[in-house]
Amino acid sequence: PVPDGPWEYYSRIAEGAQHPVQARQPRGGGKEEVLLDVEAMAQGHAFFRVGAARHSGDHRLFAWAEDAQGSEVYRIRVRDIASGAEAGPAVESATGSFTFSPCSRFLFWVFRDDNGRPRRVMRRRVGGTEDVLVYEELDEGFFVNVGVTQSRAWITIECGNQETNEAWVVPAADPEAPPRVLARRDPGVRYDFEHWDGALVVRTN
């Protein structure tokens, strides 16, 4: 289990099952709370896969990206854990890459175009329907994904190919702010980074 606040989050798979159960329990032990039973959801489908699955920072919401066709075109759904009701309509035409903003008010996700390329990062208020463009990658050879730093101080946008990459950041304290580039792309240079001790620490080739 991965501890986070008052909860421990984990996945488990039953003997004979082909898909996991996503669950949590009170930190230090207690009654299990099932967040997503993927095995049950897969029944009746010739193909079913859950990509990323995330809980919100306030522990009220659980979101997952599902592919029910095998086409790698994902639908992202958000559920209110307490009521079991879905929080707004599903996000369509997505990749499996998404993240909650640390404040739990927004979902950042990656749009998949007609050529199957992850090219746009979008932002949607949880429970809403309007998708706002945050970042668009114009280089057809670059792929895009989103995440957050371990400190939850920054929302991250990373784009690149096998030889070159570039990263952008959005302050978690202001998730509607435009992204800022961390270091401009330089052919042949790859880097990653993490927020540690008040600084962004960069590792590069």
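# Notebook: strands, sheets and a few side chains

I started with Gln22, which is buried at a relative accessible area of 18%; buried here means under 20% relative accessible area, exposed means over 50%, and partly exposed lies in between, with a 1.4 Å probe and protein chains only. The model is predicted, so I noted that local features need pLDDT of at least 70, that side-chain atom pairs count only at pLDDT 80 or more, and that totals for chains, interfaces and linings use all residues. Residues are numbered from 1 along each chain as its sequence is written, and side-chain values use heavy atoms, with hydrogens and water left out.

**Entry 1: Gln22 and Pro26**

I found Gln22 in strand β3, residues 21–26. Strands are DSSP runs of E with at least two residues, helices are runs of H or I with at least four, and both are numbered from the N terminus. I then listed what Gln22 touches, leaving out residues up to four places away in sequence: Tyr10, Ser11, Val34, Leu35, Leu36, Ala53 and Phe62. A contact means heavy atoms within 4.5 Å.

Pro26 lies in β3 too. Is Pro26 buried or partly exposed? Pro26 counts as partly exposed, because its relative accessibility is 30%. With residues up to four places away in sequence set aside, Pro26 touches Pro6, Trp7, Glu8 and Lys31.

**Entry 2: Tyr74**

Next I looked up Tyr74, which lies in strand β7, residues 74–80. Its relative accessible area is 9%, so Tyr74 is buried. Not counting residues up to four places away in sequence, the contacts of Tyr74 include Arg49, Gly51, Ala65, Val91 and Thr95. I checked one of these partners by distance: Tyr74 and Thr95 are 21 residues apart in sequence and 5.3 Å apart in space, C-alpha to C-alpha. I also tied this entry back to the previous one: from Pro26 to Tyr74 there are 48 residues in sequence and 30 Å in space, again C-alpha to C-alpha.

**Entry 3: the seven-stranded sheet**

β7 belongs to an open sheet of seven strands, in the order β5-β6-β7-β8-β9-β10-β11, with antiparallel pairing. Two strands pair if DSSP finds at least two bridges between them. Which strands are at the edges? They are β5 (49–55) and β11 (131–136), each pairing on one side only. From one strand to the next the twist averages 35°; axes are lines fitted to C-alpha atoms, for helices over the stretch in contact, and angles run from 0 to 180 degrees between N-to-C directions.

Inside this sheet I followed one pair. β9 (residues 106–112) and β10 (residues 118–125) run antiparallel and are joined by seven bridges. Phe111 stands opposite Arg120 in β10.

**Entry 4: the four-stranded sheet**

I then moved to another open sheet, where four strands follow the order β12-β13-β14-β15 and pair antiparallel. β12 (143–148) and β15 (180–183) each have a single partner strand, so one side of each is left without a neighbour in the sheet. The twist here averages 30° from one strand to the next. β13 (residues 154–160) pairs with β14 (residues 165–171) over seven antiparallel bridges, and Trp154 stands opposite Pro171 in β14.

**Entry 5: the β16–β17 hairpin**

In a regular strand the side chains alternate between the two faces of the sheet. I saw this pattern along β16, residues 191–196: Tyr191, Phe193 and His195 point to one face and are buried, while Asp192, Glu194 and Trp196 point to the other and are not. β16 runs antiparallel to β17 (residues 199–204), with six bridges joining them. Glu194 stands opposite Val201 in β17. Two residues sit between the strands of this hairpin, and Asp197 takes a positive phi near 55°.

**Entry 6: cysteines**

How many disulfides are there? The count is zero, taking a disulfide as a pair of cysteine sulfur atoms within 2.5 Å. Cys103 counts as partly exposed because its relative accessibility is 30%, whereas Cys159 is at 3% and so counts as buried.

**Entry 7: the whole chain**

To finish, I totalled the chain: one helix and 17 strands. Its radius of gyration is 18 Å, close to the 17 Å from the globule rule for 205 residues, so the chain is as compact as a globular protein of that length. That radius is taken over C-alpha atoms, and the rule is 2.2 Å times the number of residues to the power 0.38. The C-alpha trace spans about 50 × 40 × 35 Å along its principal axes. Buried residues make up 41% of the 205.
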